[in-house]
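The exercises below are meant to be worked through with the sequence and the coordinates open side by side. Each task is followed by a solution that proceeds in steps.

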Number of protein chains: 2
Amino acid sequence: MKLTSKGRYAVMALVDLAKFNNLNPVSLRDISIRQGISLDYLEQIFSKLRKKEIVQSVRGNQGGYVLNKKAKEIKLTNIFEAVDEKVKTLQCKKESKKGCNGKSTKCLTHNLWDELENHINDFFEKKSLEDLIKDNIERRL
Amino acid sequence: MKLTSKGRYAVMALVDLAKFNNLNPVSLRDISIRQGISLDYLEQIFSKLRKKEIVQSVRGNQGGYVLNKKAKEIKLTNIFEAVDEKVKTLQCKKESKKGCNGKSTKCLTHNLWDELENHINDFFEKKSLEDLIKDNIERRL
DNA sequence: ATAAACCTGACTAAAATAGTCAAGTATCTT
DNA sequence: AAGATACTTGACTATTTTAGTCAGGTTTAT
Ligand code: FES
Ligand code: FES
């Protein structure tokens, strides 16, 4: 079980962005340099974040990205969904009545993985971007 | 974030095995058929489980595997550790003082992933093989 | 003896990941 | 108007990981 860097970078970049509090757009170039993430890769990520209306783009010189919602309203769940970082512990399709082994009943562990998935999603549902920023400021003091 | 089938199979096979309550060894061949898992793959998995003393092997004709501890004492944590299914949400090395970006401080999200890792491991630490079997019996009623 | 079943290590196809690269388009500043 | 900055898109690719397979053993009950 690991987290992919796409999900990791998305959150990292958004925390960086959110710290500027919507005063003015932040360029991906700056984020790239500050966070050590490839610019081209960031572009892919922000393209997805924009489509899901998590950020807004400002084109042209001095442009960049701004949060499209309040930091409090952006949960990790939303971010992960936007960049396709899904939690997938079940092998089978959840809706299907078939098990992961191709049999007509769910496998011995189906229920366990389902619980696990919920357990993890709870965590993501509870954390907002605002929480992360606060946490970051506290640590600096 | 997904669970690999190695971890999934390990747990699935052990639940199957545990249901026989140590009365007599269960052959991998049987588990393979019942659970729809490749025999060769199961052998790899059980080799690791044996090295970590989670199961005991009985060689020869009518041989197979038996649990080496009480089902209550086998936590998911132990199983996952045995088959190298680790939860890895951090990018950096935990001990190192360097961040995942190569910089000398931890990245903006380091703490978040660390929390997440603990959150997930809590789940694994709480679940024993016995819990899974009970859960399975209840469902059948 | 022979068959069942464990044991080991090496090998490999396929999928996913983590990017790179190229060729734009829009808008601000001067 | 020109130039620079920065967003936008889509295709491409190297690397790594996963999920096995395969071949050739060894052990032990009957
Ligand atoms: S994970 Fe759903 S049936 Fe096995
Ligand atoms: S995950 Fe540890 S420093 Fe980034």
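**Exercise 1.** Is B:C100 buried, partly exposed or exposed? Classify A:C92 in the same way, and then report how many disulfides the whole structure holds.

*Solution.* The model is a predicted one, and the values that follow are computed from it. Step one takes B:C100, whose relative accessible area is 27%; since buried means under 20% and exposed over 50%, B:C100 is partly exposed. Step two takes A:C92, which has a relative accessibility of 11% and therefore counts as buried. Step three turns to the search over all chains, which finds zero disulfides.

**Exercise 2.** Describe how the protein surrounds DNA strand D, and state which residues are the closest.

*Solution.* Step one is the count: 28 residues surround DNA strand D, and the closest are A:S57, A:G64, A:Y65, B:S38 and B:Q44. Of the atoms of the strand that come within 4 Å of the protein, 68% belong to sugar and phosphate. Step two divides the residues of this surface by character, which gives six nonpolar, 15 polar and seven charged.

**Exercise 3.** Find contacts to phosphate oxygens of DNA strand D, and assign the surface near the strand to secondary structure.

*Solution.* Step one looks at side chains: a polar atom of A:Y65 lies 2.6 Å from a phosphate oxygen, and an N or O atom in the side chain of B:S38 is likewise placed 2.6 Å from one. Step two adds the backbone, where an N or O atom of A:L28 lies 3.3 Å from a phosphate oxygen. Step three lists the elements that give two or more residues, namely α3 (39–51), β1 (55–58) and β2 (64–67) of chain A, with α1 (5–18) and α3 (39–51) of chain B. The largest share, four residues, comes from α3(A).

Technical notes:
Residues are numbered from 1 along each chain as its sequence is written. Chains are lettered from A and ligands numbered from 1 in the order in which they are written. This is a predicted model: local features need pLDDT of at least 70, side-chain atom pairs count only at pLDDT 80 or more; totals for chains, interfaces and linings use all residues. Side-chain values use heavy atoms; hydrogens and water are left out. A disulfide is a pair of cysteine sulfur atoms within 2.5 Å. Buried means under 20% relative accessible area, exposed over 50%, partly exposed in between (1.4 Å probe, protein chains only). A residue is near a molecule or strand if one of its heavy atoms lies within 4 Å of it. A polar contact is a pair of N or O atoms within 3.5 Å; within protein, one must be able to donate a hydrogen and the other to accept it, and residues adjacent in sequence count only if both atoms are side-chain atoms. Ala, Val, Leu, Ile, Met, Phe, Trp, Tyr, Cys and Pro count as nonpolar, Asp, Glu, Lys and Arg as charged, and the others, Gly among them, as polar.
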